[in-house]
Amino acid sequence: MVNVVVIGSQWGDEGKGKLVDWLSSQADIVVRFQGGHNAGHTLVIDDVTYKLSLLPSGIVRPGKLCIIGNGVVLDPWKLVEEIHSLQSEGVTITPENLKISDTATLILPFHKELDAMREDSSPKNNLGTTRRGIGPAYEDKVGRRSIRLGDLKDPKTVKNRVDLMALHHDPLRSYFGVNPIDKENIYKDIMNIFSKIKGHISPVWQELRNSIYQKKKILFEGAQGALLDLDHGTYPYVTSSNTLAGYASIGSGIGPQHLNYILGITKAYTTRVGSGPFPSELFDKNFDQLAKRGNEIGTVTGRPRRCGWFDSVLVKQVAQISGIKGLALTKLDVLDGFDEIKICIKYKIGNKFIDYIPSSISEQSEVEPVYESIRGWKTSVRGIRNWLDLPREAKEYIQFLEKQIGVDVDIITTSPEREDTIVKRNPFDEI
Ligand code: GDP
Ligand code: IMO
Ligand code: MG
């Protein structure tokens, strides 16, 4: 019983990459189980910054097996690009340390084009997607016409699926005024890229099953965040996959009983990229301070992130629906220097107070945050690695959050650097 699932507990970009990299020193295997290259996970190791989109963050540590599970949608051209880019920085990536599920689904160029055409067609209603083709690729998966990696060794199946997808996509493309899919070229490009990645493709569920027998430690790396979950997030302003911890089981092919410890990565304030409700969003000088100090620029798209105070209503709800056992509170240093720090503790809607986010998008947009203020701290916490060294007000802030959410903060991070991490309870020791 030695496996940890890391998920984002807000709208993504909570600092999952840094935590997965830090935890991976204790793991044997690191697994991505959903999403695709819409993710942008940043690791800073001895002043060198690595930005990963598809590859599990364990890849930078020698000797770790990294797995891309069946729940991921995979753009093979981006995969090859990311592998080459990391290799040029000295990271070893071979079929021995990177294995990809033969039942993961492909993202193809027309998925990306459709994503962008939809976003551009209605600026008023757009979702602010990453335009990577994630949504359209998952739609084709559910529509049962996708190409899965294991299909690539059978050219007839590939041709047949390209035909099927064209049948679905060409009318959409015609609506947007673009040419039908060039089936012959797509087919050739797919077969060409297959030759570059085929060594990595295998039934990874078997590898995971054997690892579980051998009591190896598995670290599951969630992408996006719980509030972007297709079922439980702020729908329709969500991503097209399930981001909650339960999906680690489905998206990799192991039983749910093997998900032993769920660590919710939680930013010490709140950010969001793209459209959608955000009750505690700030537009004043506090926004400027959070955005600037937190360097809140999207890793994947370079868009500025929206920023706001910590919303304990949302994180508490997320902790309850995803079974979070402990929290990792990240970017505490960004709150240095505030006179007062606010925490959203409930919502007002009409004359009523509620302690959850309503399901309808109209009500989600109407809720008003109700804040509790606590005193900020005047000395910097940046780089602190020991709980006892934190200023009293910072400890009080963390304890206030724990009480509101009902879950302990196990880990605190105080800079982007791998080692600037305070550990109160190590998830791998707890299992
Ligand atoms: P992810 O998508 O959850 O992996 O998060 P991102 O990498 O997209 O965004 C988190 C950003 O915060 C990255 O630039 C990290 O280097 C940075 N970061 C992580 N932890 C800390 C921290 O404790 N303090 C500060 N200042 N930055 C951090
Ligand atoms: P990481 O793993 C933050 C957001 C997009 C958009 C919505 C749908 O780095 O935390 P999509 O392209 O997935 O169809 O876009 O989801 N989004 C993210 N926001 N961090 C991410 O990943 C995200 N991945 C998708 O901005 O609002
Ligand atoms: Mg990110």
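Modeller: Let's fix one term up front: a polar contact is a pair of N or O atoms within 3.5 Å (within protein, one must be able to donate a hydrogen and the other to accept it, and residues adjacent in sequence count only if both atoms are side-chain atoms). This is a predicted model, where local features need pLDDT of at least 70, side-chain atom pairs count only at pLDDT 80 or more, and totals for chains, interfaces and linings use all residues. Residues are numbered from 1 along each chain, chains are lettered from A and ligands numbered from 1 as written, and side-chain values use heavy atoms, without hydrogens and water.

Biologist: OK, what makes Asp13 and ligand 1 a polar contact?

Modeller: An N or O atom in the Asp13 side chain sits 2.9 Å from an oxygen of ligand 1, so the pair is within the 3.5 Å limit. Backbone atoms join in too, with Gly17 at 2.8 Å and Gly40 at 2.8 Å. The protein buries 93% of the 580 Å² that ligand 1 exposes when taken alone (Shrake-Rupley areas, 1.4 Å probe).

Biologist: And how do you know which residues are donors to the magnesium ion, ligand 3?

Modeller: Donors are N, O and S atoms within 2.8 Å of the metal (3.2 Å for Na, K and Ca), and sites may look incomplete as water is not among the atoms. Asp13 (OD) and Gly40 (O) lie 2.0 to 2.2 Å from the ion, so they qualify. Asp13 is in the loop between strand 1 and helix 1, Gly40 in the one between strand 2 and strand 3, so the pair ties together parts 27 residues apart in sequence. Those elements are DSSP runs: helices are H or I with at least four residues, strands E with at least two.

Biologist: Why is Gly40 called buried?

Modeller: Buried means under 20% relative accessible area (exposed is over 50%, partly exposed in between; 1.4 Å probe, protein chains only). Gly40 comes in at 13%, so it counts as buried.

Biologist: Why is the Trp11 and Phe278 ring pair called tilted?

Modeller: Rings of Phe, Tyr and Trp (its six-membered ring) pair if their centres lie within 6.5 Å; planes under 30 degrees apart are stacked, over 60 edge-to-face, the rest tilted. Here the centres are 5.2 Å apart and the planes at 55°, so tilted it is. The two rings are 267 residues apart in the chain. Trp11 is buried at 3%, and Phe278 is buried at 7%.

Biologist: What makes strand 1 and strand 10 a pair?

Modeller: Two strands pair if DSSP finds at least two bridges between them. Strands 1 and 10 have three, in the parallel sense, so they pass. Val4 is bridged to Leu219 of strand 10.
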